Amino acid sequence: MKDKIYKELSTIIDPEVGFDIVSLGLIYDVKVDNQKATVTMSLSTRSCPLHELILEWVNDAVLRVDGIDECDINLVWEPAWNIQMASDEVKKALGA
């Protein structure tokens, strides 16, 4: 079930940088308990102008997974996101 959720989350592209939020390392954890998923995640900055929209996209993506009826998003700022959390492909593309 977690793999299906990660797959759906990887369809969400952060419009500011053009990469999906999973490859960017913004998804810290996904837990599933019965039909409820809890996504622990961060954003690249606290002042992200698309904050609410990205959270809505995450909720919608998780709820697209068969068997998931509820999504809780645990938005955290610690550990603070940094480029080293991104996939090697993203780091290379962004020159990190």
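These legends describe close-up views of a predicted model.

**Figure 1. Overall fold of the protein.** The predicted model holds three helices and five strands. Read from the N terminus, the elements follow the order α-β-β-β-β-α-β-α. The radius of gyration is 13 Å, close to the 12 Å that the globule rule gives for 96 residues, so the protein is as compact as a globular protein of that length. Along the principal axes, the C-alpha atoms fill a box of roughly 40 × 25 × 20 Å. Of the 96 residues, 34% are buried. Take the contacts between residues at least 6 apart in sequence: 59% of these join residues at least 24 apart.

**Figure 2. Surface and charges of the protein.** The exposed area is about 5600 Å². Carbon and sulfur atoms supply 48% of that area. The protein carries 9 positive and 17 negative charges. The mean positions of the two sets lie 6 Å apart. Four salt bridges turn up in a search of the whole structure. Three of the pairs are described in the next views.

**Figure 3. Salt bridge between arginine 64 and glutamate 8.** The closest N and O atoms of this pair are 2.8 Å apart. Arginine 64 sits in the loop between helix H2 (51-63) and strand E5 (70-75), and glutamate 8 sits in helix H1 (residues 2-9), so the salt bridge ties together parts that are 56 residues apart in sequence. Arginine 64 has 48% relative accessibility and counts as partly exposed. Glutamate 8 has 22% and is also classed as partly exposed. That value stays outside the buried class because buried means under 20%.

**Figure 4. Salt bridge between aspartate 72 and lysine 36.** The two side chains meet at 2.8 Å, N to O. Distant parts of the chain are linked here: aspartate 72 belongs to strand E5 and lysine 36 to strand E4 (residues 36-41), 36 residues apart. Aspartate 72 is partly exposed, at 29% relative accessibility. Lysine 36 is partly exposed too, with a relative accessible area of 31%.

**Figure 5. Salt bridge between aspartate 29 and lysine 31.** The N to O distance in this pair is 3.5 Å. This pair counts as a salt bridge because the cut-off is 4 Å between the side-chain nitrogen and the carboxyl oxygen. Aspartate 29 is partly exposed, at 24% relative accessibility. Lysine 31 is exposed, at 53%. Lysine 31 falls in the exposed class because that class begins over 50%.

**Figure 6. Surroundings of threonine 40.** Threonine 40 is part of strand E4. With 18% relative accessibility, threonine 40 counts as buried. Leaving out residues up to four places away in sequence, threonine 40 touches Leu26, Ile27, Tyr28, Asp29, Asn74 and Val76. One of these partners, Asp29, also takes part in the salt bridge with lysine 31.

**Figure 7. Surroundings of glycine 25.** Glycine 25 is in the loop between strand E2 (19-20) and strand E3 (27-33). At 10% relative accessibility, glycine 25 is classed as buried. Its contacts, not counting residues up to four places away in sequence, are Trp81, Met85 and Ala86. Threonine 45 is 20 residues from glycine 25 along the chain, and their C-alpha atoms are separated by 13 Å.

**Figure 8. Backbone geometry at proline 79 and asparagine 34.** Most residues other than glycine have a negative phi, and most peptide bonds are trans. The peptide bond joining glutamate 78 and proline 79 is cis, with omega about 0 degrees. Proline 79 lies in the loop between E5 and helix H3 (88-93). Asparagine 34 is not a glycine, yet its phi is positive, at about 60 degrees. Asparagine 34 lies in the loop between E3 and E4. Its relative accessible area is 61%, and asparagine 34 is exposed.

Notes: Residues numbered from 1 in each chain as written. Predicted model: local features only at pLDDT ≥ 70, side-chain atom pairs only at ≥ 80, totals over all residues. Heavy atoms only, no water. Helix = DSSP H or I, 4+ residues; strand = E, 2+ residues; numbered from the N terminus. Buried < 20%, exposed > 50% of the residue type's maximum accessible area, 1.4 Å probe, protein only. Rg over C-alpha atoms; globule rule 2.2 N^0.38 Å. Contact = heavy atoms within 4.5 Å. Areas by Shrake-Rupley, 256 points an atom, 1.4 Å probe, with all protein chains shown as cover. Lys, Arg positive; Asp, Glu negative; His and termini not counted. Charge placed at Lys NZ, Arg CZ, Asp CG, Glu CD.
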